[in-house]
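Let's look at how this chain packs together, one question at a time. Have the sequence and the 3D view ready.

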Amino acid sequence: MWEREFWQLLGEVFGRSYGRALAQDQAIAALDNRTVLEALADGVEPRIVWNYLCDQMDISDDLRWGADHNAPPLPAS
C-alpha cells in the first residue's frame, strides 16, 4: 500500500474530515501510542498503520478496504 492509497482509504472509510482528525489525534496503542501522522513520519509502512488503526477502531475486514480496494499482503515476519 502506498501512502496515497492510505489517505484515500482513510477518507472513504472514515470520511474526509473525521479521518484527518483521527490521523492527527488518535493515539494507536499497537504503535507505541503514536498517532497515524507520527507513525507514518517515523517510517512505519502505511498498510501496518492502516491495519492497526482499523483494529483499534473496530472496523471489520469487509469495510476496511473500501469498495474498490483489495487487501494488500501483510509483510512476512
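Q: Which residues in helix 4 are met by residues in helix 1?
A: This is a predicted model, where local features need pLDDT of at least 70, side-chain atom pairs count only at pLDDT 80 or more, and totals for chains, interfaces and linings use all residues. Residues are numbered from 1 along each chain as its sequence is written, and side-chain values use heavy atoms, leaving out hydrogens and water. Helices here are DSSP runs (H or I, at least four residues), numbered from the N terminus, and contact means heavy atoms within 4.5 Å. From helix 1, Glu3, Phe6, Leu9, Leu10, Val13 and Phe14 meet Pro46, Val49, Trp50 and Leu53.

Q: At roughly what angle do the axes of helix 1 and helix 4 cross?
A: The axes are lines fitted to C-alpha atoms over the stretch in contact, with angles from 0 to 180 degrees between N-to-C directions. Angles under 35 degrees count as roughly parallel, and helix 1 and helix 4 are therefore roughly parallel to each other. Their axes come within 9 Å and cross at roughly 20°.

Q: Which residues does valine 49 contact, leaving aside its neighbours within four places in sequence?
A: Valine 49 belongs to helix 4, on the side that meets helix 1. Its partners are Phe6, Leu31, Val36, Ala39, Leu40 and Val44.

Q: What is the relative accessible area of tryptophan 65?
A: Tryptophan 65 sits in the segment after helix 5 (61-64). Buried means under 20% relative accessible area (1.4 Å probe, protein chains only). Tryptophan 65 is therefore buried, at 10%.

Terms used:
Helices (H or I, at least four residues) and strands (E, at least two) are DSSP runs, numbered from the N terminus. Angles under 35 degrees count as roughly parallel, over 145 as roughly antiparallel, 65 to 115 as roughly perpendicular and the rest as oblique. Buried means under 20% relative accessible area, exposed over 50%, partly exposed in between (1.4 Å probe, protein chains only).
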